[in-house]
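Work through the exercises below with the sequence and the 3D structure open beside you. Try each task before you read its solution.

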Amino acid sequence: MAQYGNDSISSLKGAERVRKRPEVIFGSNGLEGCQHAVFEILSNSIDEAREGYGKVIEVTRFMDHSIEVKDMGRGVPVEYNSKEERYNWELVFCEMYAGGKYKNNSGENYEYSLGLNGLGSCATQYASEYMEVTVQRDGYRYKLYFEKGENVGGLYKEEYRYRHTGTIIKWKPDLEVFTDIDIPLEYFQTTMKKQAVVNAGITFRLKNETANGMETFTYCYENGITDYLQEVSGENALTSIQYHEAERRGKDREDKPEYKLKMQVAFCFTNTNAMLEYYHNSSFLEYGGSPDKAVKSAFVSAIDAYVRGANKYTKGESKITFTDVQDSLALVINSFSTMTSYENQTKKAINNRFIAEAMTDFLRQNLEIYFIENKVEAEKIAEQVLLNKRSRETAERTRVNLKKKLAKNIDVTNRVQKFVDCRTRDIGIRELYIVEGDSALGSVKLARDANFQAVMPVRGKILNCLKCDWPRIFKSDIIMDLMRVLGCGIEVKSKDFNAFDMDNLRWDKIIICTDADVDGYQIRTLILAMLYRLTPTLIEAGKVYIAESPLFEINTKKDTYFAFSEREKAQILAKLEGQKYTIQRSKGLGENNPDMMNKTTMNPATRRLIRVMPEEAAHTAAVFELLLGDDLQGRKDYIEENGAAYIDMADVM
């Protein structure tokens, strides 16, 4: 047994504090943590630019996974610090919790800063295979080099005539620290675009090294979040873009110091590009926190008050929720504070109480004024939010009713008329044959292997699910019975509505089995269209098949042959040259004897199955919509162009 005594306690020192436990600082030891290290370095350059030092920040992504960040700020101080009795470069790049941003609330430096913890530069250096630092300031160029958290060669200094001051940091994340360092181009593009949005007038230039040279992307929004919102909403906005800004001072608690808060908000209402984005001190708040609480409270309160005042609720109608507002709201909040309480080092949410309260009041007041001064737009917003609410409630009622319909009883065999189950419970081999009518049910039932093959008859022609609305589909007993047999539910592209779960599918193969005639083909297409609309994932997963039925039965004295096409018929007849034979068009499934059905349609060793592929299903749905949908002119044009090709087939049928 291992000993646990006084000598068992140890502490990590120097670079090991990060290299051994990168997730503590960066939130992850994988790609996400590696990306966060990039943002830590970029943040320092943004802080400089926002203080008014340099308007261009350049980031280069190299093919060997190294990264370079270059700014035109004042340059990181690296000379001797008499107060700390150490060189500043040691404090910045080799000391945790050291930096120049701790006195921001007193107004000395970096009033609104991304980097307040004094961890970013040092932690990134510790987590790097190497880091090169170049600083231009005070008439000198300084250079530093680090390997795996250790400085090599000290500080290099030379007099230098430069065009501008600034800092260049190039580093390569260490695979000994992170499990993945291949940061995708999309991360850099998204991050730099977001930073351009919330730092009006600052140019972010991204260079990406490829085998064919450097490609460059430039991001700049002169008017910040209003330009961005205009870009997002385009011409589809229901209302004009509203922009408000303000500053406040306050405390999170009575015994805490007072700090400054600056708020900028831009919003509009839209039916196409709803979004919520929160930024604080330029850091994108993926999880929001205080701003998100403020938006939810203020918008629901203000819009509900307007709806009530205008008597737009029906008698007994429930109050709107933020979901109803969010479905049509495009909003960006860009806030800054001299003191910030992030949930953790990754800065994905803030939890300042004062910020939540001040922002709620700020938003509510401006919304009330906006509704009073813009009656037409207030009416549009109220009507749209109520429409969203009532649509959500209808969808929820339908979803609940659908769930009840799909789960009437536990035993599928008892709740679905004429469904014939198989014996095995092994989903990996279970097959469901969907056949047309009771006559086909009888022959298929006799021809099947009852151990793993089940049969579900479709009575008559089912609905064209590409044309019908959901309520009509849900009222169809045929469709609902089939959905119960499948077991996986119905797939609807709505966050309030989806009742689909692939894990509940009861079958390995779903096989559509219809007659080889015009009616059979139409029923097959209707079933395929139904699956394409109601359970498209089954098609994408390769679970849907078509059983190919023979067109011709060729009999000799000794043998019977089946041809699935005119070509196969010709090939069989060529082999039978000199023998007497009879040919007849294959009968419907209900007229075939069980032996024939087993051989041609049911037996895995001799049958022919066609797997339905997603692109084939989409094409079938498109053609079916053209031929049976509402596009009358399109249907006429198609028949004019292609009708002649089907004349011979019609004669044969």
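**Exercise 1. Where is Gly428 found, and is Gly428 buried, partly exposed or exposed?**

Solution. Begin with the chain: Gly428 is found in the loop between α12 (412-415) and β19 (431-436), where helices (H or I, at least four residues) and strands (E, at least two) are DSSP runs numbered from the N terminus. The model is a predicted one, in which local features need pLDDT of at least 70 and side-chain atom pairs count only at pLDDT 80 or more, whereas totals for chains, interfaces and linings use all residues. Residues are numbered from 1 along each chain as its sequence is written, and side-chain values use heavy atoms, with hydrogens and water left out.

Next, take the cut-offs, by which buried means under 20% relative accessible area, exposed over 50%, and partly exposed in between (1.4 Å probe, protein chains only). Gly428 has 46% relative accessibility and therefore counts as partly exposed. Finally, look across the fold: the C-alpha atoms of Gly428 and Arg506 are separated by 8.9 Å, although these residues are 78 residues apart along the chain.

**Exercise 2. In what order do the strands of the sheet that contains β19 lie, and which are its edge strands?**

Solution. First establish the order, which is β20-β19-β21-β22-β26 in an open sheet of five strands with mixed pairing; two strands pair if DSSP finds at least two bridges between them. The edge strands, each of which pairs on one side only, are β20 (453-458) and β26 (609-611). From one strand to the next, the twist averages 30 degrees.

Then examine one pair within this sheet: β21 (residues 509-513) and β22 (residues 544-547) run in the parallel sense and are paired over three bridges. Here Ile511 stands opposite Tyr545 in β22.

**Exercise 3. Why do the buried residues of α18 lie on the same side of the helix?**

Solution. Start by listing the buried residues of α18 (residues 566-575), which are Glu568, Lys569, Ile572 and Leu573. They lie on the same side of α18 because they cover an arc of only 135 degrees around the axis, the arc being that of the directions from the helix axis to the C-beta atoms. The general principle is that an α-helix has 3.6 residues a turn, so residues three or four places apart point the same way. On the face of α18 turned away from its buried side, the exposed residues are Arg567 and Lys575.

Now apply the same reading to α19 (residues 594-602), whose buried residues are Met596, Met597, Thr600, Thr601 and Met602. Seen down the axis of α19, these fall within an arc of 150 degrees, so they line one face of the helix.

**Exercise 4. Which residues line the second largest cavity, and which helix gives the most to the lining?**

Solution. A cavity is a set of points, on a 1 Å grid over the protein atoms alone, where a 1.4 Å probe fits but cannot get out, and lining residues have an atom within 4 Å of a point. The second largest cavity holds about 30 Å³ of space, a volume being the space filled by probe spheres set on the points, which are joined across faces, edges and corners.

Its lining consists of His244, Val265, Phe267, Phe362, Leu363, Asn366 and Leu367. Both β13 (259-269) and α10 (353-373) supply at least two residues of this lining, and α10 gives the most, with four residues.

Definitions and conventions:
On a 1 Å grid over the protein atoms alone, a cavity is a set of points where a 1.4 Å probe fits but cannot get out, and a pocket is an open set with protein on both sides within 12 Å along at least five of seven lines; lining residues have an atom within 4 Å of a point. Axes are lines fitted to C-alpha atoms, for helices over the stretch in contact, and angles run from 0 to 180 degrees between N-to-C directions.
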